[in-house]
Amino acid sequence: MNLKKYFTLAIIFTVSAFTVWAQNPVIRDQFSADPTARVFNGKVYVFPSHDIPAPPNKNLRENWFCMPDYHVFSSENLSDWTDHGVIVSQNKVPWVDSTSYSMWAPDCIERNGKYYFYFPANKNVAGPNGRKGFGIGVAIADKPEGPYVPQENAIDGIFGIDPNVLIDKDGQAYLYYSMGNIYVAKLKENMTELASKPVAIDNLPTKGMKEGPFVFERNGKYYLTFPHVENKTERLEYAMGDSPEGPFTMTGVIMDESETGCWTNHHSMIEYNNQWYLFYHHNDYSPHFDKNRSVCIDSLFFNADGTIQKVIPTKRGVGLTAANEKIQLDRYSDKSENVKIVFNDTTNTFAGWKTVLENKDAWISYNAVNFEKKNTAKVVVNARALNGGKVELRIDAADGPVLAEISVPEGSEMTVSKTKISKVKPGIHNLFVVAANNNPVEIDWISFE
Ligand code: FUB
């Protein structure tokens with residue numbers, strides 16, 4: 001990347017300290033990966049790692065991860081996310097090699113009103129074995145948003161990545177991490193020192209990379225979930241057991257390998273307002289370079305016997321979208337074959353996508369739109385159609401009532417137009433947009449007034 005482009009991207013990344021979004025990916029102005037979600041004080045917090053395009057002249061490994069710091073994000077409705085800014089940076093941790101851009105997958109957990117943020121990074125001095133390698137450190141805060149104060153040194157006795165902490169019902173904390181195997185060790189009450197030697201967890205697949213453990217307890221069962229390369233790239237798998245240290249039994253697959261080739265996946269799970277969610281990542285904004293990833297969320301369901309149903313990744317994601325927001329149809333729930341989703345601007349993928357309805361009867365649906373107001377009267381559409389186009393807006397089903405017949409004026413520019421709609425009952429509705437003739441139509445967003 002040339003310098004000008006690098007600095008333009010750097011400006012885009014730094015000016016947006018406070019923004020809101022919905023749909024997948026949920027973080028839409030910067031790359032984000034390895035999401036650990038936690039519920040603190042009734043809100044959902046996501047602690048992801050932060051991918052960036054490699055800055056020039058830093059002598060970094062080519063085509064590799066480049067991760068300088070961590071942000072934390074929060075949301076009450078899973079649709080609108082607030083970026084609380086950088087909480088820990090490679091330049092400000094005494095034990096981290098500040099030139100390594102190696103701040104990989106983190107975790108955060110609360111104990112007695114303090115928030116303990118665990119993160120791996122390359123050390124700046126070699127250990128007793130002469131290797132610099134990955135250490136795992138802790139930064140501590142009084143609030144989930146920070147400020148976080150990093151400990152002087154990494155946790156003694158660990159060479160590894162992808163820390164994850166579980167506090168069991170009896171108050172004992174366990175630290176899991178990976179380095180070839182997945183390891184577990186007890187933590188002392190102070191949460192910053194080991195209380196037992198790390199032990200490799202048995203009975204997990206021995207062939208193919210495993211990393212990124214995330215352990216949780218539900219109805220007395222312990223779930224050890226982790227990415228594993230069974231075939232070519234990582235898929236999310238899990239094992240179940242009766243205690244935090246196992247033994248665990250391999251049980252199934254939570255999410256299959258990515259269809260478009262993101263080599264890594266990394267995840268966490270939470271229950272929030274009586275629904276379980278899977279947080280994971282995919283390289284949506286960087287289709288040609290899978291080390292620039294983005295956090296996504298989908299709903300997760302358990303079977304009656306406690307096993308986990310496979311999650312099929314969606315663009316729509318979770319949460320409601322308010323009818324008066326810009327509804328990005330390209331983050332669809334479902335669509336017909338003759339609908340394509342393409343970037344608005346291939347040189348700046350953060351400008352998002354648009355929906356192309358290629359010919360008659362092409363359709364796309366977008367679920368869970370919240371029509372709060374009684375008097376919604378118009379649909380606003382930002383679209384273009386080289387030869388002029390016509391689409392129908394239907395509600396609740398592909399053959400449901402027609403809310404509006406929308407004419408898209410002939411032209412080569414995206415143009416905003418408004419069309420009257422028939423009455424909508426206040427509440428949550430699914431939308432369907434259907435091409436009414438053979439002229440291709442490109443839609444950036446729709447909204448209601
Ligand atoms: O993000 C860097 C590494 O890629 C993480 O630590 C792994 O879990 C994988 O997602």
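This is a dialogue on how to read a few features of a predicted model.

Trainee: Where should I start with the ligand, and which residues are around it?

Mentor: Start by listing the neighbours, and count a residue as near if one of its heavy atoms lies within 4 Å. Here the list runs Asp34, Phe65, Met67, Trp104, Ala105, Asp162, Glu211, Thr264, His266, His281 and Arg293. Sorted by class, this shell holds four nonpolar, three polar and four charged residues.

Trainee: Which side chains have an N or O atom 2.7 Å from an oxygen atom of the ligand?

Mentor: For a polar contact, look for a pair of N or O atoms within 3.5 Å. The side chain of His266 has an N or O atom 2.7 Å from a ligand oxygen. The side chain of Arg293 also places an N or O atom 2.7 Å from an oxygen of the ligand. Backbone atoms can take part too: a polar backbone atom of Ala105 is 3.4 Å from a ligand oxygen. As for cover, the ligand taken alone exposes 270 Å², and the protein buries 99% of that.

Trainee: Now the empty spaces. What is the volume of the largest pocket, and what lines it?

Mentor: A pocket is an open set of grid points, whereas a cavity is one from which the probe cannot get out. The largest pocket has a volume of about 930 Å³. Its lining has 31 residues, and those nearest the centre are Glu259, Thr260, His282, Lys315 and Tyr332. By class, the lining divides into 13 nonpolar, nine polar and nine charged residues.

Trainee: Which strand gives the largest share of that lining?

Mentor: That is β22, with five residues. Strands β18 (275-282) and β22 (339-343) each supply at least two residues of the pocket lining.

Trainee: How many cavities of 30 Å³ or more are there?

Mentor: The count is one, and the largest cavity has a volume of about 30 Å³. Gln30, Phe31, Ser32, Pro48, Ser49, His50, Tyr70, His71 and Phe73 line this cavity. Four of these lining residues are nonpolar, five are polar and none is charged. At least two lining residues come from each of β2 (43-49) and β3 (69-75), and β3 gives the largest share, three residues.

Trainee: Next, the backbone. Which peptide bonds leading into a proline are cis?

Mentor: As background, most peptide bonds are trans. One cis bond runs from Gly146 to Pro147, with omega near 5 degrees. Pro147 sits in the loop between β7 (134-141) and β8 (149-150). Another cis bond joins Gly246 to Pro247, again with omega near 5 degrees. Pro247 belongs to the loop between β15 (234-241) and β16 (248-255).

Trainee: What about phi: is the value at Leu78 positive or negative?

Mentor: The general pattern is that most residues other than glycine have a negative phi. Leu78 is not a glycine, yet its phi is positive, about 65 degrees. Leu78 lies in the loop that connects β3 with β4 (82-89).

Trainee: Last, which residues does the UniProt record list for "domain: CBM6"?

Mentor: Treat such a label as an annotation that may be inferred rather than shown by experiment. The unreviewed UniProt entry lists residues 325-449 for "domain: CBM6". In the model, that span is 0% helix and 52% strand, and its end C-alpha atoms lie 9 Å apart.

Conventions. Residues are numbered from 1 along each chain as its sequence is written. This is a predicted model: local features need pLDDT of at least 70, side-chain atom pairs count only at pLDDT 80 or more; totals for chains, interfaces and linings use all residues. Side-chain values use heavy atoms; hydrogens and water are left out. A polar contact is a pair of N or O atoms within 3.5 Å; within protein, one must be able to donate a hydrogen and the other to accept it, and residues adjacent in sequence count only if both atoms are side-chain atoms. Accessible areas come from the Shrake-Rupley method with a 1.4 Å probe; for residues, only the protein chains shown count as cover. Ala, Val, Leu, Ile, Met, Phe, Trp, Tyr, Cys and Pro count as nonpolar, Asp, Glu, Lys and Arg as charged, and the others, Gly among them, as polar. On a 1 Å grid over the protein atoms alone, a cavity is a set of points where a 1.4 Å probe fits but cannot get out, and a pocket is an open set with protein on both sides within 12 Å along at least five of seven lines; lining residues have an atom within 4 Å of a point. Grid points are joined across faces, edges and corners, and a volume is the space filled by probe spheres set on the points. Helices (H or I, at least four residues) and strands (E, at least two) are DSSP runs, numbered from the N terminus.
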